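Here are my notes after a look through this one, set out as numbered points. Have the coordinates open as you read.

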2 protein chains.
Amino acid sequence: MMAAVSANADAPRPAAPPPEHGKAARRSASWTIAHTADDTDRPSGSQSIQRAFVLLNLVGVLARDRPDGVSLAELTRVSGRPKASVRRVLVALVAEGYVEQDPDTACYRLGLQAGVLGELAGHRAGDLSEVSTDSLIRIADASTDTTFLTVRHGSYGVCTRRQEGPGPIRNYALAVGDRHPLGVGAGSLAVLSALSDENVEAVLTATATTRSHYPGFDDETLRNLVRRSRQAGYALNDGRVIAGSWALGVAVHDAAGRPVAALSVASIAERFDPERRDELAALLQTEAETIHAALTRSQESRPARGQP
Amino acid sequence: MMAAVSANADAPRPAAPPPEHGKAARRSASWTIAHTADDTDRPSGSQSIQRAFVLLNLVGVLARDRPDGVSLAELTRVSGRPKASVRRVLVALVAEGYVEQDPDTACYRLGLQAGVLGELAGHRAGDLSEVSTDSLIRIADASTDTTFLTVRHGSYGVCTRRQEGPGPIRNYALAVGDRHPLGVGAGSLAVLSALSDENVEAVLTATATTRSHYPGFDDETLRNLVRRSRQAGYALNDGRVIAGSWALGVAVHDAAGRPVAALSVASIAERFDPERRDELAALLQTEAETIHAALTRSQESRPARGQP
DNA sequence: GATCAGTGGTCCACAATATGGACCGTTGCG
DNA sequence: CGCAACGGTCCATATTGTGGACCACTGATC
């Protein structure tokens, strides 16, 4: 666990919120995640809504492995917003059923409607998540490591699925719901590397402020990583996000050929010697191609919009 | 299909939105659903957030069986709000990734983050949905009819799960995400009937304005239905919501003994002769008890909040 | 090809709405 | 018994969201 938090993009005030990643304060999260989409965006008349959803994401991610939920204090700390505001929003979310408050601990976790929304969104046939489940399972089985599906969303990558492998090694560097700038993490880097140079630059500028919270991911480093990934045919994260935690990713292209996601496998550094890298890359590439084919197929059968 | 829509509670202006349920206008929905929680609630400083989530629910429900999504026009029509406002909120939702807009049709459907949220909320062990899946499958198999799990949320009931039976009869009266006042529909009525008289009255007043859109569900009728349900030991919806579509429901109690949900089975009127009613009621009651037991068990094992 | 009803999308003066610093009542630690 | 950290509440303020009016486009229908 120890999963990723903080640094809301909208308040450029330094605010000095995260006491570095040194001795992690309290039981709160120790590191950074991007909760909102673009830094570049112009809120233009919906700031409160944006804040509400950022907070909702935060509740989801922070309460992920905590059945009791997240405390108001932690949410205020991590969101960097005044307590009163956070609470007001939380009350609204509770009223809507998207968040529920534990009557005993007074902590917050995702509520009924969150599940309903997932139910409504999840089983969209022809959807990426839908068609990639089999691939994820195959990769996890074959590699015996933890496998991820990262989906591109604007200039960011969101982990939308995670499949544990049968092996003894567990990797907690990435979990469903985590969001990082494109380029941070193997899958995310694979997507970035599959973009045109022009788009890469656009992403770099768009994620600049967010990336200031990620040590060791400056523009130049990322450009180098992109170059290396293109050359190798796969993206390698050699412990840059969390020391000792390595991963290897390959981009997935949609029917139109655009890189919209990535498959990746994570484990400890020792399991990424050159030979195994090639094996893994081949494995991932095959499955990425399978998914691409499935997406293309389901795209072709679209125009028919029959109905009983 | 033809599933349920409209009548946002916050705008008491008559507005004459739904042209009755007669010749369904356009391809839009023909009937009513409650999208927001309480009529009684005091928005107190979060009206825009409430509106955003109401709209999000609306997108989810309306786009449910429509891969292309919902048009802006339909959303404005059905939400009863000015187009500009609806659009502004939609843009915000899109920016957050909870809604996506089809680049071709310009229609809106649930987006990436909606699925992620569901993923984060869904697999909460010890959760109601989690422990009731087996029961739903068993009921659907045994009855050969469509089976539902309805969860109480305030004075309303939300359909959170739906299991098709192997039989030839399909029922489209209720689908995941649909929300109705307690008392409307078999499962919903089962929950209402399991409440104390005092609570029943509270629900009746809370849902009064919403229920004005549901013909044939006035206070007196509901009180009669509650009385009948308590006597029979099960709730019967004899085609009151949609003609010819009957259903039978039984309440599910949580570890503390409160009725928090209901199991129900729906089919055509012909399949609800007295004998079969008793069979179904017994079946549902057994499963409701099973779920209750599971909830109690998982509740007891709670206090231990260990962590590596 | 002009009309019209229907889309999706944009603008901006106005005030209702969300904001957040200050404050209160508890709890639990030293 | 302070003291710190907690959840929760208040309310004057101006920032924020509001929504009527308007534009451009499309495709029936006359």
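1. Let's start with the sheet in chain A, keeping in mind that this is a predicted model. Six strands form an open sheet in chain A, in the order β5-β4-β3-β8-β7-β6, and the pairing is antiparallel. At the edges sit β5 (179-181) and β6 of chain A, each of which pairs on one side only. On average, neighbouring strands of this sheet are turned by 30° against each other, ignoring direction.

2. Next, the β6 end of that sheet. Strand β6 of chain A (residues 235-238) runs antiparallel to β7 of chain A (residues 245-253), and four bridges join the two. If you want to check the register, A235(A) stands opposite G249(A) in β7(A), and N237(A) is opposite A247(A) in β7(A). Six residues lie between the strands of this hairpin, and G239(A) takes a positive phi there, near 75°.

3. A helix belongs in this picture too. Helix α5 of chain A (residues 128-143) lies across three strands of chain A, namely β3 (146-153), β4 (156-163) and β8 (259-268). Relative to β3(A), helix α5 runs at about 150°.

4. Chain B has its own sheet. Here an open sheet of six strands reads β5-β4-β3-β8-β7-β6, again with antiparallel pairing. Its edge strands are β5 (179-181) and β6 (235-238) of chain B, each pairing on one side only. From one strand to the next, the twist averages 30°. For a closer look at the β5 end, go to strand β4 of chain B (residues 156-163), which is joined to β5(B) by three bridges, the two running antiparallel. V158(B) is the residue that stands opposite R179(B) in β5(B).

5. How are the two protein chains related? Chain B superposes on chain A by a rotation of 180° with 0.0 Å of shift along the axis, at an RMSD of 0.0 Å. That is the relation of a two-fold axis. If you want to find the axis in the viewer, go to G118(B): its C-alpha is the one in chain B nearest the axis, at 1.7 Å. As for how the copies touch, 98% of the interface residues of chain B are also interface residues in chain A, so the copies meet through the same surface.

6. Now the DNA, beginning with strand C. There are 23 residues around DNA strand C, and those that come nearest are R81(A), R88(A), S48(B), R77(B) and R87(B). Of the strand C atoms that come within 4 Å of the protein, sugar and phosphate account for 71%. By residue class, this surface divides into seven nonpolar, nine polar and seven charged.

7. Some individual contacts to strand C are worth displaying. R51(A) has a polar side-chain atom 3.2 Å from a phosphate oxygen of DNA strand C. From chain B, two backbones come into play: a backbone N or O atom of S46(B) lies 3.0 Å from a phosphate oxygen of strand C, and a polar backbone atom of Q47(B) is 2.6 Å from a phosphate oxygen of that strand. The elements giving two or more residues to the surface near strand C are α1 (47-62) and α3 (83-96) of chain A, along with α1 (47-62), α2 (72-79) and α3 (83-96) of chain B.

8. On to strand D. Which residues come nearest to DNA strand D? Of the 22 around it, they are S48(A), K83(A), R87(A), R81(B) and R88(B). Sugar or phosphate makes up 70% of the strand D atoms within 4 Å of the protein, and the rest belong to bases. The residues of the surface near strand D divide into six nonpolar, nine polar and seven charged.

9. Finally, the contacts to strand D. K83(A) reaches a base: an N or O atom in its side chain is 2.6 Å from a base oxygen of DNA strand D. On the phosphate side, a polar backbone atom of L72(A) is 3.0 Å from a phosphate oxygen of strand D, and a polar side-chain atom of R51(B) lies 3.1 Å from a phosphate oxygen of strand D. At least two residues of the surface near strand D come from each of α1, α2 (72-79) and α3 of chain A and α1 and α3 of chain B.

Note on methods: Residues are numbered from 1 along each chain as its sequence is written. Chains are lettered from A and ligands numbered from 1 in the order in which they are written. This is a predicted model: local features need pLDDT of at least 70, side-chain atom pairs count only at pLDDT 80 or more; totals for chains, interfaces and linings use all residues. Side-chain values use heavy atoms; hydrogens and water are left out. A residue is near a molecule or strand if one of its heavy atoms lies within 4 Å of it. A polar contact is a pair of N or O atoms within 3.5 Å; within protein, one must be able to donate a hydrogen and the other to accept it, and residues adjacent in sequence count only if both atoms are side-chain atoms. Ala, Val, Leu, Ile, Met, Phe, Trp, Tyr, Cys and Pro count as nonpolar, Asp, Glu, Lys and Arg as charged, and the others, Gly among them, as polar. Copies are superposed by least squares on the C-alpha atoms of residues with pLDDT of at least 70 in both. Contact means heavy atoms within 4.5 Å. Two strands pair if DSSP finds at least two bridges between them. Axes are lines fitted to C-alpha atoms, for helices over the stretch in contact, and angles run from 0 to 180 degrees between N-to-C directions.
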